[in-house]
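Here is a short tour for anyone meeting this protein for the first time. Have a look at the sequence and the model, then read on.

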Amino acid sequence: MDNNNILQKLEGLESRYEEVSTLITDPDVIADQSRYVKLTKEYKDLGDIMAARKRYIDCLNAIKEAKDILANESDPDMKEMAREELNENETLQPQIEEEIKIALVPKDPEDAKNVQMEIRGGAGGDEAALFAGDLFNMYKKYCESKGWTVSVTSVSEGAVGGFKEIDFAVSGADVYGTLKYESGVHRVQRVPATETQGRMHTSAATVAVLPEADKFEVNINEGDIKWDTFRSSGAGGQNVNKVESGVRLRYPWKNPNTGEVEEILIECTETRDQPKNKERALSRLYTFIHDREHQKYIDDIASRRKSLVSTGDRSAKIRTYNFPQGRVTDHRIGYTTHDLSGFLGGDIQGMIDALTVAENAEKLKETEL
């Protein structure tokens, strides 16, 4: 894309930026929270593009001015300063162009959302449960480094440690857009702590990352929910066994694809506060239905962009953690890091950055930017 094409695309967005800046001050728009939230997000995104546009125009003008000085000026000091200015801005120009191109790629509206994550121990029995525990700790440490909040919603512990399955919510800025690449089968190759003969085993755990549903997106009649309370079991002291803090909800949901009514059953026991457990169970119900009803939408998006990176396919083997060689390999993009201990310690940003770059490259090809 040449300079004129880039500037033409940005000129079209300038009028939309001005329109949105007016709309978000309209009392009728402010009263419609759903629309207001979307418009303020659009205003911020367009504001970033307009700032890049200004830097791009300044860069082009600086290049033109430096070339004029080199062509017409006789003073050697002026020419030397112009030469430095020209080199600096000719280096800067492609960097700003790349930034603008990526900013012009249509964003997934789900990217800004919080997520519900599920980790399940797969093939491998006790070792798979231990590995599921390793993955949870990895994500927990990564989320803490980002300043995000992690809340466990449901857990089933493994016989020798780790988790048969664990569900948790993550809230913060652009959580789904960052973690969506993690959905799929994660495979581990190592000598398990449970192995007495010293043989290497291959086990697996599945990870699902679901965008959290907003209440205005999912139609639930809360009057149809049947609630039960029960005494929790497990760690937590005497209070857990004496107080009915655990909650269970049952909800009749009509599957839009089959027309059949299914009963959704959700339990939540992780806090000693029954109202908090009810709130978390309800949040999981919204997210579960959102995931089911929007699966076709997700499939359509995935097939349209044919991305190898974030298809959301939970059955695809995406990554191998090889302990004997101390490496982690992502099979979608062929990215390998040899810092396995650091990776499992939460240092996964390099991998996520590589996946983001790969997906953006695919999007740029499709939009012919």
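## A first look around

Let's start at Thr 149, which sits in strand E2, the stretch covering residues 149-157. Keep in mind that you're looking at a predicted model. Thr 149 counts as partly exposed, because its relative accessibility is 44% and the partly exposed class runs between 20% and 50%. Which residue does Thr 149 come to within 5.2 Å of, C-alpha to C-alpha, despite 22 residues of sequence in between? That's Ser 171: the two are 22 residues apart in sequence and 5.2 Å apart in space.

Now to the inside. The largest nonpolar core holds 33 residues. Met 117, Ile 119, Leu 135, Tyr 139, Leu 179 and Tyr 321 are the ones with the most contacts inside it. Several elements give two or more residues to this core: the strands are E1 (115-121), E3 (163-171) and E5 (201-211), and the helices are H5 (125-146), H6 (175-179), H10 (340-344) and H11 (349-367). Which of them gives the most? Helix H5 does, with eight residues.

Between E3 and H6 there's a loop, and Asp 174 lies in it. The backbone angle phi of Asp 174 is near 55°, a positive value in a residue that isn't glycine. Asp 174 is partly exposed, with a relative accessibility of 41%.

Next, the charges. Side chains of opposite charge can pair when their charged atoms come close. In this model the count comes to 24 salt bridges. Here are some of them, with their N to O distances.

| Salt bridge | N to O distance |
|---|---|
| Glu 14 and Arg 53 | 3.5 Å |
| Lys 44 and Asp 48 | 3.3 Å |
| Glu 144 and Lys 140 | 3.0 Å |

Take the pair of Glu 14 and Arg 53, whose side chains meet at 3.5 Å. Glu 14 is in helix H1 (residues 3-23) and Arg 53 is in helix H3 (residues 33-72), so this salt bridge ties together parts that are 39 residues apart in sequence. Are these two partners buried or exposed, or somewhere in between? Glu 14 is partly exposed, with a relative accessible area of 27%, whereas Arg 53 counts as buried at 17%.

The pair of Lys 44 and Asp 48 stays within one helix: they are four residues apart in H3, so about one helical turn separates them. Asp 48 is partly exposed, at 44% relative accessible area.

Helix H5, the one that gives the most to the core, also holds both Glu 144 and Lys 140, four residues apart, which is about one turn of the helix. Glu 144 is partly exposed, with a relative accessible area of 48%, and Lys 140 is partly exposed too, at 32% relative accessibility.

Some charged residues go beyond a simple pair. Arg 120, Glu 165, Asp 167 and Arg 284 are linked in a network of salt bridges.

Finally, the surface. Where do Glu 65, Glu 84, Glu 85 and Glu 88 gather? They form a patch of negative charge on the surface. Helix H4 (residues 76-104) supplies the largest share of this patch, three residues. Glu 88 has its place in H4, and Glu 88 counts as exposed because its relative accessible area is 54%, over the 50% cut-off.

Methods
Residues are numbered from 1 along each chain as its sequence is written. This is a predicted model: local features need pLDDT of at least 70, side-chain atom pairs count only at pLDDT 80 or more; totals for chains, interfaces and linings use all residues. Side-chain values use heavy atoms; hydrogens and water are left out. Patches are made of residues with over 30% relative accessible area and no salt bridge: like charges are joined within 9 Å, nonpolar side chains (Val, Leu, Ile, Met, Phe, Trp, Tyr) within 5 Å. Accessible areas come from the Shrake-Rupley method with a 1.4 Å probe; for residues, only the protein chains shown count as cover. A salt bridge is a side-chain nitrogen of Lys or Arg within 4 Å of a carboxyl oxygen of Asp or Glu. Lys and Arg count as positive and Asp and Glu as negative; His and the chain ends are not counted. The place of a charge is taken as NZ of Lys, CZ of Arg, CG of Asp or CD of Glu. Buried means under 20% relative accessible area, exposed over 50%, partly exposed in between (1.4 Å probe, protein chains only). A nonpolar core is a set of buried Ala, Val, Leu, Ile, Met, Phe, Trp, Tyr and Cys residues joined through side-chain atoms within 4.5 Å.
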